[in-house]
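Here are some exercises to work through with the model open in your viewer. Try each one yourself before reading its solution.

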Amino acid sequence: MKKTVILILLALTTKGYSQFTKSMFSKDPIINLETWQKQRLYFGYYLGFNSYDFKIDYKSYEEINQDIQVKKTTGFNVGVVADLRLMEYINLRFEPGLYYTKRDLYFPNPELTSKTDYLREVSSTYINFPLLLKFSSLRTGNVRPYLLGGVSTTLNLSSNAKSIDDNLEQRFRVKAWTMNYELGFGIDFFSEYFIFSPSIRGSFGINDELIRDKDPNSPWTGNIESIKSRAILINFTFH
């Protein structure tokens, strides 16, 4: 009985895989959602992962023995997509979403001897508002690669921007609103009922995010010229 069930499952799996291969990658595939890309406006949603970093510039490199170390973690993204067709191969996309991430900053200043001094945990909950142009290639069967580029503005709900405490009270502060530019690429896979669109992009902060301590000679912020976020974003979009 067990052998029969296994054989049936193998047969179904092989059949499903062969149908998917024929639909997506065969020389003569069945064209799915043939008129979808001609729609003026359509919507979707995405789930994904992120890895945020900080780009740190210093006022004087002579005053530091070692750069501030940033330990990155993997966060997650979730959001919605509105896609407006401008031309045959150019679309305007609005992709608001919620991004969660965490970074640990290690300050090498010799004045900071305890963990509560040299370590700052920066947890960020972003609401991101990207406005992007999508440049699609010619569709080949049920596959269509594309490039993405544009700008975004981000609200950091965990910025501590309104706090009167600073690093002396173990409170690391960054600005609530920041601007970024984004570049990436992806592929549209047209299935029978929906479009699956994985993509990867980079997000690069434009403006300085740091709110400095009250003490201009602070061992945490005194020698920092600017801090800007950088991120790798991987999204899995469904239309």
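**Exercise 1.** Which element gives the most to the lining of the second largest pocket?

*Solution.* A reminder before we start: this is a predicted model.
Step 1: look at the size and the centre. The volume of the second largest pocket is about 230 Å³, and R120, E121, V122, Q170 and F172 are the residues nearest its centre, out of 14 that line it.
Step 2: list the contributing elements. At least two lining residues come from each of α2 (115-118) and β6 (119-136).
Step 3: pick the top contributor. With five residues, β6 gives the most to this lining.

**Exercise 2.** How many nonpolar, polar and charged residues does the lining of the second largest pocket have?

*Solution.* Sort the lining residues by class. You should arrive at six polar, four nonpolar and four charged residues.

**Exercise 3.** Classify the ring pair of F49 and F236, and place it in the chain.

*Solution.* A pair of aromatic rings is described by the distance of the centres and the angle of the planes.
Step 1: search the whole structure, which yields 10 aromatic pairs.
Step 2: take the geometry of this one. The ring centres of F49 and F236 are 6.5 Å apart and the planes stand at 85 degrees, so the pair is edge-to-face; the cut-off to apply is over 60 degrees.
Step 3: locate the partners. F49 belongs to strand β1 (residues 41-58) and F236 to strand β10 (residues 224-238), so the pair ties together parts 187 residues apart in sequence.
Step 4: check accessibility. F49 has a relative accessible area of 45% and is partly exposed; F236, at 29%, is also partly exposed.

**Exercise 4.** Do the same for F194 and F238, then find the cluster that contains them.

*Solution.* Step 1: the centres of F194 and F238 lie 6.1 Å apart with 50 degrees between the planes, a tilted pair.
Step 2: F194 sits in the loop between β8 (177-190) and β9 (195-205), while F238 is in strand β10, and the pair links distant parts of the chain, 44 residues apart.
Step 3: both rings are partly exposed, F194 at 37% and F238 at 24% relative accessibility.
Step 4: widen the view. One aromatic cluster is formed by Y45, F49, F189, F194, F196, F236 and F238.

**Exercise 5.** Over which rings do R103 and K134 lie?

*Solution.* Step 1: R103 lies over the face of F54, 3.9 Å from the ring centre.
Step 2: K134 has its charged end over the ring of Y146, at 4.4 Å from the centre.

Notes
Residues numbered from 1 in each chain as written. Predicted model: local features only at pLDDT ≥ 70, side-chain atom pairs only at ≥ 80, totals over all residues. Heavy atoms only, no water. Phe/Tyr/Trp six-rings, centres within 6.5 Å; stacked < 30°, edge-to-face > 60°. Helix = DSSP H or I, 4+ residues; strand = E, 2+ residues; numbered from the N terminus. Buried < 20%, exposed > 50% of the residue type's maximum accessible area, 1.4 Å probe, protein only. Lys NZ or Arg CZ within 6 Å of the ring centre and 35° of its normal. 1 Å grid on protein atoms, 1.4 Å probe; cavity = no way out; pocket = protein on both sides within 12 Å on 5 of 7 lines; lining within 4 Å. Points joined across faces, edges and corners; volume = space filled by probe spheres on them. Nonpolar A, V, L, I, M, F, W, Y, C, P; charged D, E, K, R; others polar.
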